[in-house]
Amino acid sequence: MKSPAREGDSEVGAAATRTASASAAPGTAPELVVMHETLRPAADSTRIPSTPSPLALHDRSTTPRPGATTTPPDTPDSTPPAPSPGGPPERRTVVADTDETGERRGRRSGPGGGILMGRPFGVPVYVSPSWFLVAALITWVFGDQLDRILPDLGPVRYLVSLFFAIAFYASVLVHELAHTVAALCFKLPVRRIQLQFFGGVSEIEKESETPGREFVLAFVGPLLSLVLAGVFYLGMKAVDPASVPGVLLAGLMISNLLVAAFNLLPGLPLDGGRMLRAVIWGITGKPMAGTVAAAWIGRGLAVAVLLGLPLLTQTGVVGNRPESIGGMDTVMDALLAAILAAIIWTGAGNSLRLARLREHLPALRARTLTRRAIPVENATPLSEALRRANEAGARALVVVDGHGDPLAIVRESAIASVPEHRRPWIAVSTLAQDLTDGMKVSADLTGEELLEHLRATPASEYLVLEPGGEIYGVLSTLDVEKAFVKAMARPQS
């Protein structure tokens with residue numbers, strides 16, 4: 001893709017436009033990021049895996065107590081020893097197949113999806129391996145342009161081009177940091193920033209509470225890109241335009257202008273789409289209405305980019321004159337148009353799915369998903385505890401002390417690992433997981449608050465308490481996951 005330069009303009013515009021196009025999809029919308037990878041949306045650029053399962057969590061609450069013996073619950077042939085005659089049974093913790101962090105072996109995710117470059121404002125910044133591909137592409141394209149503008153540079157032009165690629169992505173990082181700082185000012189947690197193939201991603205883990213904040217959060221990114229373009233323009237005035245600094249400043253100015261203009265297009269997942277969503281949300285009072293409108297406009301933009309961008313460049317409306325366009329230019333323009341269109345179309349669809357998710361989140365209520373539990377003391381045999389639970393119609397066991405205060409939860413997977421003929425000889429305390437503060441959930445939690453609590457402290461079961469501290473029951477993450485999938489399967493209202 002060429003630059004918007006008219007006849008007589010510097011040829012550096014063509015290179016700047018090509019490189020900006022390859023990175024002009026930064027700053028897409030910070031949507032709601034809830035559970036696991038499934039609900040971690042397009043925070044400034046939303047990421048939504050296709051599987052709607054919010055609770056495929058690693059259980060970090062299963063680290064055994066010092067000195068405790070462990071028996072994996074997933075091995076039914078492992079028979080826990082009987083209690084010692086004449087004395088209380090040994091207290092043991094049954095844990096899953098976990099490592100020292102409590103995560104299941106072989107399932108731990110990577111370190112943020114790239115190379116950690118730093119933590120500005122406490123937010124980790126990663127560079128994806130795909131960035132190096134774009135850096136090489138920018139170096140090649142911009143280097144060819146420099147050969148026409150400054151032929152005396154020779155091979156050094158590629159070193160200058162590499163510097164341009166790094167400086168341009170530094171500008172993209174500033175764009176994303178603008179979103180990040182605004183989010184932190186609004187008390188919205190930011191998981192990370194990632195520089196990747198087509199720009200930057202700011203993963204903001206919560207949705208803005210008001211349309212005004214949503215608008216500001218979206219607008220600050222393009223605004224900073226425009227400010228940078230102005231700074232580079234002023235720098236051009238102080239140097240010779242035919243020098244290396246002059247060419248670099250011109251390229252960075254044009255690139256940042258294109259990044260700002262592209263992100264201001266009024267369709268999701270671009271910043272302009274988020275701004276449009278905020279305006280419609282503010283007028284109608286319905287965030288879903290704004291999302292639907294901005295997402296469909298985003299899909300229209302995707303089609304327009306796919307069909308219109310190659311046409312504009314081939315006719316010379318954008319970029320160099322038609323007679324100077326070669327076959328490789330045509331292929332690159334078509335490829336860039338297809339990739340940009342795919343990113344916009346996919347992001348718009350993800351935004352619609354996230355809006356539907358948020359619409360159904362209120363259906364998740366801790367009170368209605370909680371299993372009834374009965375209190376049992378440490379030394380109670382497992383068979384007796386299960387008999388009491390069956391009589392009471394309960395599906396969970398909570399270990400309590402002599403005063404009735406909860407100490408631990410008997411995990412369902414641990415119970416399943418004990419053969420039936422051994423249950424009269426096994427005390428419930430040997431199968432219990434000690435309670436931590438994070439494993440205690442208020443019965444009044446619903447929707448996003450409930451999912452955020454479970455995501456912050458992953459476990460297989462949680463103790464649900466009334467506001468006054470009384471035991472209400474036990475919440476299983478499996479039950480929450482099933483309820484989430486069921487809610488998402490309902491027809492959209």
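Trp 131 is buried, with a relative accessible area of 12%. The structure described here is a predicted model, and the description starts from this tryptophan and the rings around it. Tyr 169 is likewise a buried residue, at a relative accessible area of 3%.

The structure contains six aromatic pairs in total. One of them is formed by Trp 131 and Tyr 169, whose rings meet edge-to-face, with 5.6 Å from centre to centre and 90 degrees between the planes. This pair links distant parts of the chain, since Trp 131 belongs to helix 2 (residues 130–149) and Tyr 169 to helix 3 (residues 156–185), 38 residues apart. A second pair, Phe 142 with Phe 164, is stacked, with 4.2 Å between the centres and 5 degrees between the planes. Here too distant parts of the chain are linked: Phe 142 lies in helix 2 and Phe 164 in helix 3, 22 residues apart. Phe 142 counts as buried, at 0% relative accessibility. The value for Phe 164 is 0% as well, and this residue also counts as buried; both phenylalanines are classed in this way because buried means under 20% relative accessible area. The residues of these two pairs belong to one aromatic cluster, formed by Trp 131, Phe 132, Phe 142, Phe 164, Phe 168 and Tyr 169.

Thr 139 is another residue of helix 2. With a relative accessibility of 12%, Thr 139 counts as buried. When neighbours within four places in sequence are left aside, Thr 139 is in contact with Tyr 158, Ser 161, Leu 162 and Ala 165.

Both helices are associated with a sheet. This sheet is open and consists of four strands in the order 1-2-3-4, with mixed pairing. Its edges are strand 1 (115–118) and strand 4 (199–204), each of which pairs on one side only. On average, and with direction ignored, neighbouring strands of the sheet are turned by 25 degrees against each other. Strand 2 (residues 125–127) and strand 3 (residues 190–196) run parallel and are joined by three bridges. In this pairing Val 127 stands opposite Leu 195 of strand 3. Helix 2 packs on the sheet, where it touches strand 1, strand 2 and strand 3, and the direction of the helix makes about 35 degrees with that of strand 3. Helix 3 lies across strand 2, strand 3 and strand 4 and runs at about 165 degrees to strand 3. In a regular strand, the side chains alternate between the two faces of the sheet.

Further along the chain, two tryptophan rings are each covered by an arginine. The charged end of Arg 299 sits over the ring of Trp 296, at 4.6 Å from the ring centre. Arg 299 also lies over the face of Trp 345, where the distance to the ring centre is 5.0 Å. Arg 299 is thus placed over the rings of both Trp 296 and Trp 345.

Another parallel pairing is that of strand 5 (residues 373–376) with strand 6 (residues 396–400), joined by four bridges. Within this pairing Ala 373 stands opposite Ala 396 of strand 6. Between the two strands the chain passes through helix 10 (residues 382–392), and the resulting β-α-β crossover from strand 5 to strand 6 is right-handed.

Notes. Residues are numbered from 1 along each chain as its sequence is written. This is a predicted model: local features need pLDDT of at least 70, side-chain atom pairs count only at pLDDT 80 or more; totals for chains, interfaces and linings use all residues. Side-chain values use heavy atoms; hydrogens and water are left out. Rings of Phe, Tyr and Trp (its six-membered ring) pair if their centres lie within 6.5 Å; planes under 30 degrees apart count as stacked, over 60 as edge-to-face and the rest as tilted. Buried means under 20% relative accessible area, exposed over 50%, partly exposed in between (1.4 Å probe, protein chains only). A charge sits over a ring if NZ of Lys or CZ of Arg is within 6 Å of the ring centre and within 35 degrees of the ring normal. Two strands pair if DSSP finds at least two bridges between them. Axes are lines fitted to C-alpha atoms, for helices over the stretch in contact, and angles run from 0 to 180 degrees between N-to-C directions. Contact means heavy atoms within 4.5 Å. A crossover is right-handed if, with the strands pointing away from the viewer, the path from the first strand over the helix to the second runs clockwise.
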